[in-house]
Amino acid sequence: MDERWTTVTLAADAAKPHEEALHWVTSRVGTGIERIRVIGVDPAIEGRTGPDGKRVADALADAARSAMPDVRVEVRRHAGPFAAALVEESDGGDLLVVGTFRGRRGSTAGGDPARVAERAAVPTVVVPEGPHPIDGDVVLAVEEPIDERALAIAVDEAHRLHRRVTLLRAWEMPVLTRTGLTDFAEDPMRWRTRNAELLQRVTTDLTARYPGVRFHPLLVEGHPGHAIAAHTRRASLVVLGLGHVTALSGSVLHDVLRETASPVCVVPRAAHGAHDVGSAEVPAATGQPARSRAAAATRFVR
């Protein structure tokens, strides 16, 4: 799958977490980006920045033009909830990029970029404020079945950066229920062995499919959100597929984005075709046109 992103939608925010997001976008100069769409709020409520008094979205657009002079840059503004605007605008491009502050308010998308990332119509990269760790592997969170769209993004990024793909499988023991533990969970070693076998199958399969890519399997015990976030300190990019976006009602996604030290690419349900998620059944709603999917998702963001 070709993950060449020609149109990038970039969120502008008066708190300026977008500065790191813009840096991430401009680092991809020469990769095929042709247009950047800067999304801001209504000028009547948008803050001004800098001695020249320019509004936030305009200043961000100027910075993008300066860094990427061959790329067409446009500004679009919305009144109302910014998170809803980003979801609505996401299907106008190939990729949505938002900035976020770790552990404090003032992030783009109303302080919770996970709300946008899980409902956007396209893959969404959430870029935390710096300092970022040194560039390491591209980390793909392994799920069952494998998310083919997330896999394609991870492989393409590894090719571009000349890095390995770390296949990270995080697992934890199931919690106690009224009926007690399952047979598998009664023996921690059996549970660990099951996950290790899954990771080995995935590694063997992907190594055969992509002989030019180095894959590094990594099995980690612990809550998936915290375990994945812990490995962002040594990652160039972390990629989360559909299974991790929807797992435990999105708690894995929220934990990763709240704690991440590296950019995270989230592949939401609406960004998938019926063929993208291994052999898993994808609900019929994902077959809707992108504009319909984004509009439907917007109702839940407001």
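Contact here means heavy atoms within 4.5 Å, and in that sense the buried residues of helix H9 pack against helix H4 (113–117), strand E7 (124–128), H7, E11, helix H8 (242–246) and strand E12 (264–266). The model is a predicted one, with a mean pLDDT of 81 for the protein and 75% of its residues at 70 or more. Its ten-stranded sheet is open and mixed in its pairing, and the points below move from that sheet to the helices across it, the nonpolar cores, one buried threonine and the confidence of the prediction.

**The sheet**
- The ten strands follow the order E5-E2-E1-E6-E7-E12-E11-E8-E9-E10, with strand E5 (72–78) and strand E10 (215–221) at the edges, each pairing on one side only.
- Direction ignored, neighbouring strands of this sheet are turned against each other by 25° on average.
- Towards the E5 edge, strand E2 (residues 35–41) and E5 pair in the parallel sense over seven bridges, and Arg37 has Glu74 in E5 as its bridge partner.

**Strand E8 and its neighbours**
- Strand E8 (residues 137–141) is largely enclosed by the rest of the structure, because five of its five residues are buried.
- Asp137, Val139 and Ala141 point one way from E8, while Val138 and Leu140 point the other way, and all are buried.
- E8 pairs in the parallel sense over four bridges with E11, where Ala235 is the bridge partner of Asp137.
- E8 also pairs in the parallel sense over four bridges with strand E9 (residues 165–171), and there Val139 stands opposite Thr166.

**Helices across the sheet**
- H9 lies across E7, E11 and E12, running at about 155° to E12, and the buried residues of helix H9 (residues 251–259) are Val252, Leu253, Asp255, Val256 and Leu257.
- Helix H6 (residues 188–209) lies across E9 and E10, and its direction makes an angle of about 160° with E9.

**Nonpolar cores**
- In soluble globular proteins, nonpolar side chains tend to be buried together.
- The largest nonpolar core of this model has 46 residues, and those with the most contacts inside it are Val25, Ile36, Val97, Leu140, Leu167 and Val239; helix H5 (residues 148–161) supplies the largest share of this core, six residues.
- Apart from that core lies another one, of 33 residues, which includes Leu86, Val98, Val126 and Ala141.
- Leaving aside residues up to four places away in sequence, Ile36 touches Val8, Leu10, Val25, Ala64, Met68, Val71, Arg72, Val73 and Glu74.

**Thr232 in its loop**
- Thr232 belongs to the loop between helix H7 (224–230) and strand E11 (235–240), and it counts as buried because its relative accessibility is 0%.
- The side chain of Thr232 reaches the backbone oxygen of Ala229 at 2.6 Å, and the C-alpha atoms of Thr232 and Ala261 are separated by 5.4 Å although these residues are 29 residues apart along the chain.

**Confidence**
- Confidence is highest in E8, at a mean of 96, and lowest in helix H10 (residues 290–301), at a mean of 39.
- The pLDDT is below 50 over residues 106–110, a stretch that has 23 contacts in the model beyond near neighbours in sequence, and it is also below 50 over residues 279–302, a stretch with 34 such contacts.
- Where pLDDT is low, the predicted coordinates should not be read in detail.

Key
Residues are numbered from 1 along each chain as its sequence is written. This is a predicted model: local features need pLDDT of at least 70, side-chain atom pairs count only at pLDDT 80 or more; totals for chains, interfaces and linings use all residues. Side-chain values use heavy atoms; hydrogens and water are left out. Helices (H or I, at least four residues) and strands (E, at least two) are DSSP runs, numbered from the N terminus. Buried means under 20% relative accessible area, exposed over 50%, partly exposed in between (1.4 Å probe, protein chains only). A polar contact is a pair of N or O atoms within 3.5 Å; within protein, one must be able to donate a hydrogen and the other to accept it, and residues adjacent in sequence count only if both atoms are side-chain atoms. Two strands pair if DSSP finds at least two bridges between them. A nonpolar core is a set of buried Ala, Val, Leu, Ile, Met, Phe, Trp, Tyr and Cys residues joined through side-chain atoms within 4.5 Å. Axes are lines fitted to C-alpha atoms, for helices over the stretch in contact, and angles run from 0 to 180 degrees between N-to-C directions. pLDDT is the predictor's confidence in each residue, from 0 to 100.
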